[in-house]
Amino acid sequence: VEERFGEQTGRCFRLSIMSAVLCFTRLRGLLPGGLVVFALQIAGAVQFQISDPVEFSKIIDTNAVFTTNATYNYQIEGAVWIPNGQFLVFSDMANNKLKKLVPPTTLSDYFLEPSGAKYNGNNLDGQERLISCESGSSGFKVVMTTNVAVGTSTGTIVSLVTSCNGLKFISPNDVYVKSDGSVWFTDTGSDSGASPGGQYQPGYYVYRFCETNGNATVVPVITNGIQRPNGICFSPDETKLYVADDGINWNKGTIMVYNVTSSNSVTGGRTNCTVSGFADGFRCDVDGRIWSTAGDGVEIFAPDGHLIGKILMGRQINNLCFGGPAYQTLFTVGQPNVCSFPVLVAGAVSVRKLAACNNGGRFLVSWPAPSTGFNLQTSDSLGAQAAWTNVTDLPQVTNGLNQLGLSTTNAAKYFRLRLN
């Protein structure tokens, strides 16, 4: 059973001229395949380029306010939302530290990294532990950081992987953790100054490993058909893997899509969409749309790859993530600004998988621990009239899962996970 939070029904799309603050123009261009109509709307400091008005209206309120939360004039990357505390963490690569933003505007140091670490891409695993790519002089690896004493260098760092087949990585860049605990990352070679060959990997690849307490076995999953992998994420149902190919000379903006089996085999590989500039970082929403950095803004693509529209921010965007209490705030980072924008759809990060089985005559439900902000609910029926109530029994945590045993009955019972 999988419960998705924040899915929205479509809303009517309306553009009107209200004042000098809000204006609307149509730009027509004859392109291969027929006439394409673009809509450009300006709402305060925000501009929107709209290619699919129906889909755009489902995900963005064109009257929404764009916020610059902080100005920080260094190379910043790897935005990730921390639900247990409700704040944003991102990498300050120039100063070898992680920064913390408590919305709306409180910016501080989060973690002072070891000398030469240079964290880049960040993500959370199912237990909400921070998984990061290191690309500094102290070693090119993927690490887990926990027990952070905020604002200090005190924390527990575990090196998860440091090499593959006896060869060093070139420069791990972006990382994504699948719900089964497997960690997938790209080795882009963008920050280390190293090149393929010799003591390093023979090329820029995509890798997978399962979390252990270090020295995990790493498997190269994509070694051909991609020149320089960068951003990476999965579709909400985890059957599709998206990987950015930015080109050997950073001259491409292609997002590739691959099929992924339940055993994590990767097949296929085709262009899903092409962004303006290059796809440094991107994430999916709960309906499978792709939200990608694209030069001076964020472009949104449908699962089939067609462009829905673009949020024009007038500045370079390096990375993004969904955050906020309902995961309906889009956070972006890019020198020199950290910004946020409310949207009408939740990020795929808001999906939690609920499993059920019969265990020795007892009904056992389980879901990732801690799943901050989620409640287990039950009902005797489904549909609009269903009365859902919170399950008050406390689960036991076993192997990273919340597990709750319930006595079996002859009556039908339904369970779901919902954000508070």
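**Following Phe341 into the fold**

Phe341 has a relative accessibility of 0% and therefore counts as buried, since the cut-off for buried is under 20%. The model is a predicted one. Phe341 makes a good starting point for a walk through it.

What does Phe341 touch beyond its neighbours within four places in sequence? Its contacts are Val46, Phe48, Ile60, Asp61, Ala64, Val65, Phe66, Ile311, Gln328, Thr329 and Leu330. Two of these partners, Ile60 and Ile311, return in the description of the core. The largest nonpolar core holds 50 residues. Within this core, the members that touch the most others are Ile60, Leu88, Trp291, Ile311, Phe341 and Leu376. There is also a second core, separate from the first, with 27 residues. Ile222, Ala244, Ile290 and Ala348 are among its members. Such grouping fits a general trend: nonpolar side chains in soluble globular proteins tend to be buried together.

Next come the rings. How many aromatic pairs does the model contain? The count is 17. Phe341 forms one of them with Phe48. Their ring centres are 5.8 Å apart, and the planes make an angle of 55°, which is a tilted arrangement. The two residues are far apart along the chain: 293 residues separate them. Phe48 sits in strand S4, residues 46–50, and Phe341 in strand S30, residues 337–342. The pair thus links distant parts of the chain. Like its partner, Phe48 has 0% relative accessibility, so Phe48 counts as buried.

A second pair joins Phe169 and Phe185. Here the centres lie 5.2 Å apart and the planes meet at 85°, so the geometry is edge-to-face. Phe169 is in the loop between strand S15 (167–168) and strand S16 (172–177), while Phe185 is in strand S17 (residues 182–187), so the pair ties together parts 16 residues apart in sequence. Phe169 is buried, at 0% relative accessibility. Phe185 is buried too, with a relative accessible area of 0%. Ring pairs extend this into a cluster of Phe169, Phe185, Tyr205, Tyr207 and Phe209.

Phe185 leads to its strand. Why is S17 described as largely enclosed by the rest of the structure? Six of its six residues are buried, so the description follows. Side chains in a regular strand alternate between the two faces of the sheet. In S17, Ser182, Trp184 and Thr186 point one way. Val183, Phe185 and Asp187 point the other way. All are buried.

S17 has partners to name. S16 runs antiparallel to S17, and four bridges join them. One of the bridge pairs sets Pro172 against Asp187 in S17. S16 and S17 make a hairpin with four residues between them. In the turn, Gly181 has a positive phi of about 95°. Strand S18, residues 206–210, is also antiparallel to S17, joined to it by five bridges. Across that pairing, Val183 has Phe209 in S18 as its bridge partner. Phe209 is also one of the rings in the aromatic cluster.

Other strands build open sheets. One has four strands in the order S6-S7-S8-S9, paired antiparallel. Strand S6 (76–82) and strand S9 (106–112) are its edges, each pairing on one side only. Neighbouring strands here are turned by 25° against each other on average, direction ignored. Inside the sheet, strand S7 (residues 87–92) and strand S8 (residues 97–102) run antiparallel, with five bridges between them. Val89 faces Lys100 in S8.

Another open sheet of four strands follows the order S20-S21-S22-S23, again with antiparallel pairing. Strand S20 (229–234) and strand S23 (266–274) each have a single partner strand, so each leaves one side without a neighbour in the sheet. From one strand to the next the twist averages 25°. S20 pairs with strand S21 (residues 240–245) in the antiparallel sense over four bridges. Cys233 stands opposite Tyr242 in S21. S21 also spans Ala244, a member of the second core.

Last, confidence. The protein chain has a mean pLDDT of 87, and 88% of its residues reach 70 or more. Residues 1–44 stand out, with pLDDT below 50. This stretch still has 95 contacts in the model beyond near neighbours in sequence. Predicted coordinates should not be read in detail where pLDDT is low.

Methods: Residues numbered from 1 in each chain as written. Predicted model: local features only at pLDDT ≥ 70, side-chain atom pairs only at ≥ 80, totals over all residues. Heavy atoms only, no water. Core = buried A, V, L, I, M, F, W, Y, C linked by side-chain atoms within 4.5 Å. Buried < 20%, exposed > 50% of the residue type's maximum accessible area, 1.4 Å probe, protein only. Contact = heavy atoms within 4.5 Å. Pairing = 2+ DSSP bridges. Axes fitted to C-alpha atoms, helices over the stretch in contact; angles between N-to-C directions. pLDDT = per-residue confidence, 0-100. Phe/Tyr/Trp six-rings, centres within 6.5 Å; stacked < 30°, edge-to-face > 60°.
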